[in-house]
Amino acid sequence: MKRRGVRRLQAALATMALAAATGVLLTMPEASAATGGATGYATQNGGTTGGAGGQTVRATTGTAIHAALCGRASSSTPITIEVEGTVNHANTAKVSGGSCNTADGVIELKQISNVTIVGVGGGAVFDQLGIHLRESSNIIIQNVTVRNVKKSGSPTSNGGDAIGMESNVRNVWVDHVTLEASGGESEGYDGLFDMKDNTQYVTLSYSILRNSGRGGLVGSSETELSNGFITYHHNLYENVDSRTPLLRGGIAHIYNNHYVSLNESGINSRAGARAKVDNNYFEDSKDVLGTFYTDAAGYWQVSGNIFDNVTWSSPGTDYNPAGPDPQSNTTVSIPYAYSLDAASCVPDVVRQTAGSGTGLRVSNGTCSPQTPTPTPTGTTPTPTNPTPTPTTPTPGPTQPSGTNLSIGAGSDGSSKADGTSYGNVRDGDTATYWSPAGSTGYVSIKWGSATAVSMIAIRETSGGAGRIGAWRVLNGDTGAVLTSGNGAGVITFPKTSLLKITFEITGSTGTPQVAEFETYAG
């Protein structure tokens, strides 16, 4: 333990030295947060507060941003990184540390949580350099510009996405940003705002997306349907060919956006996706809503929208515009409160509020832009259910009957503690275990085909008994909460057929040690 403590101290000193050399100014710990508060689906599942309650640092290079992430006590220690200046390939290098997993040529937010990146001072521009989120949660990105990120040509970054999220990402609020390209795929660009591989509870608000072939997608294929609960509001989409957004499965709430010059198609709801589309203003555009380029239908609920000089194509076998008189073909229930501006004032409100460098102005639902007050800071949130769910306060018997379906299955999860493995929870050996990187986290069991499960058994190690506090069991395919409760043991719930089941620890005493995550058909 003494030797390990010395290594940690040496690593911390090395990171501080790197910070001094690469443009990050460390400040004293203070309560700091982004201005305003999260909105939309980012307020669900425990909410999104980013680095509130943690240290605030100032960075002027990409390497400095990475150094700030790597200088934390753990990968979940809250931090707010204030960025000023131009961040590019020349000043963005990989930094190593126990609380980060960074890379050259991209702002890498991988296997971390509780982080705010906010532009300050004269502004923050990420030039030809994308921002990538992977296996991360509770992230805020605010008041920055990301421009001309390429997937081909030179230089390349982030697969051509300005902001891209993938692999078990939760609770992200992207606010008052400007995302722009200088062409489409043939010029080397991809999406401006992409989400895939189980990304949920995201809000994009008061932002500008322009001059791109692709606005953004939710889901990378017709069979990749694990994403959803996304809100888009008070954004400007301008001179974008398509994908504003493209939705594959899941639920999206799209309101008070201004769409100008959508050249080929707009909101593309497909593969069972359901979109609630309220009080938007569509202008000088083509086929702004429908199911396009597939016969896998999606759905929409529409109200209060204005279609100003919008043209509509005739439907075909794989092309189904909602117009010329869009009608609802589903209903979508929204779990959070929100205020709608009248569609007629959306162009003016968005003009005054959207994008970086606009003073973080917002609307209160009365077509009246205003500057918000800073959000009171507090502790990092514990994820909660988006809707009330019956709890299982006391686990049942100690040994279920039947076959443990976890043996031979796959597994993954959130960031893990050093020396632990996801595979340890399905090896039948209670001497090996998985631990999250902090006091909370999740681990999943997954199968190659749909498997019916009605009971799980969570076994702690003998040395870690009693550490698991509050937890939730999630359908890993949809994000739905199957049940929740406290303490390890046997947990039952209605039989569910799924490809992936997740045990999420939302409260604990010390670092939990999950020896086995057993699953049973019941």
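**Buried charges, salt bridges and a one-sided helix**

Q: What makes Glu460 part of a strand in this predicted model?
A: Glu460 sits in strand S32, which covers residues 441-460.

Q: How do you know that Glu460 has no salt bridge?
A: Look for a side chain of opposite charge. The nearest belongs to Arg467, and that is 6.5 Å away. A salt bridge needs a nitrogen and a carboxyl oxygen within 4 Å, so Glu460 goes without one, although Glu460 is buried.

Q: What does the side chain of Glu460 reach instead, and what makes that a polar contact?
A: It reaches the backbone nitrogen of Arg467 at 3.1 Å. The backbone nitrogen of Ile468 is also there, 3.0 Å from a polar atom of the Glu460 side chain. The cut-off for such a pair is 3.5 Å, so both qualify. Beyond its sequence neighbours within four places, Glu460 also has contacts that include Ala488, Gln513 and Ala515.

Q: Why is the pair Glu518 and Arg459 called a salt bridge?
A: Their side chains meet at 3.2 Å, N to O, and the limit is 4 Å, so the pair counts. Glu518 belongs to strand S36 (residues 514-520) and Arg459 to strand S32, so the bridge ties together parts that are 59 residues apart in sequence. Both partners are buried.

Q: Why is Glu135 called buried, while Arg134 is called partly exposed?
A: Glu135 has 15% relative accessibility, and buried means under 20%, so Glu135 is buried. Arg134 comes in at 25%, which falls between 20% and 50%, so Arg134 is partly exposed. The two side chains meet in a salt bridge at 3.6 Å, N to O.

Q: What makes Lys151 and Glu185 a salt bridge?
A: Their closest N and O atoms are 2.8 Å apart, and 4 Å is the cut-off, so they pass. The pair links distant parts of the chain, 34 residues apart: Lys151 is in the loop between strands S8 and S9, Glu185 in the loop between strands S11 and S12. Lys151, at 32%, is partly exposed, and so is Glu185, at 43%. Both also belong to a network of salt bridges with Asp190 and Arg214. In the whole model the count comes to 17 salt bridges.

Q: How do you know that the buried residues of helix H3 are on the same side?
A: The buried ones are Val346, Val349, Val350 and Thr353. They cover an arc of only 95 degrees around the axis, which puts them on the same side of H3. The strands they pack against include S17, S20 and S23. After H3 comes Gly355, with a positive phi near 95 degrees.

Q: Why is Ser207 called buried?
A: Its relative accessibility is 0%, and the limit for buried is under 20%, so Ser207 qualifies. Ser207 lies in the loop between strands S13 and S14, and its side chain reaches the backbone nitrogen of His176 at 3.4 Å. Among its contacts are Val174, His234 and Gly355.

Q: Why is Pro335 called partly exposed?
A: Pro335 has a relative accessible area of 37%, which is between 20% and 50%, so neither buried nor exposed fits. Pro335 is in the loop between strand S27 and H3. In space, Pro335 and Gln44 are 8.1 Å apart, C-alpha to C-alpha, although 291 residues separate them in sequence.

Note on methods
Residues are numbered from 1 along each chain as its sequence is written. This is a predicted model: local features need pLDDT of at least 70, side-chain atom pairs count only at pLDDT 80 or more; totals for chains, interfaces and linings use all residues. Side-chain values use heavy atoms; hydrogens and water are left out. Helices (H or I, at least four residues) and strands (E, at least two) are DSSP runs, numbered from the N terminus. Buried means under 20% relative accessible area, exposed over 50%, partly exposed in between (1.4 Å probe, protein chains only). Lys and Arg count as positive and Asp and Glu as negative; His and the chain ends are not counted. A polar contact is a pair of N or O atoms within 3.5 Å; within protein, one must be able to donate a hydrogen and the other to accept it, and residues adjacent in sequence count only if both atoms are side-chain atoms. Contact means heavy atoms within 4.5 Å. The arc is that of the directions from the helix axis to the C-beta atoms.
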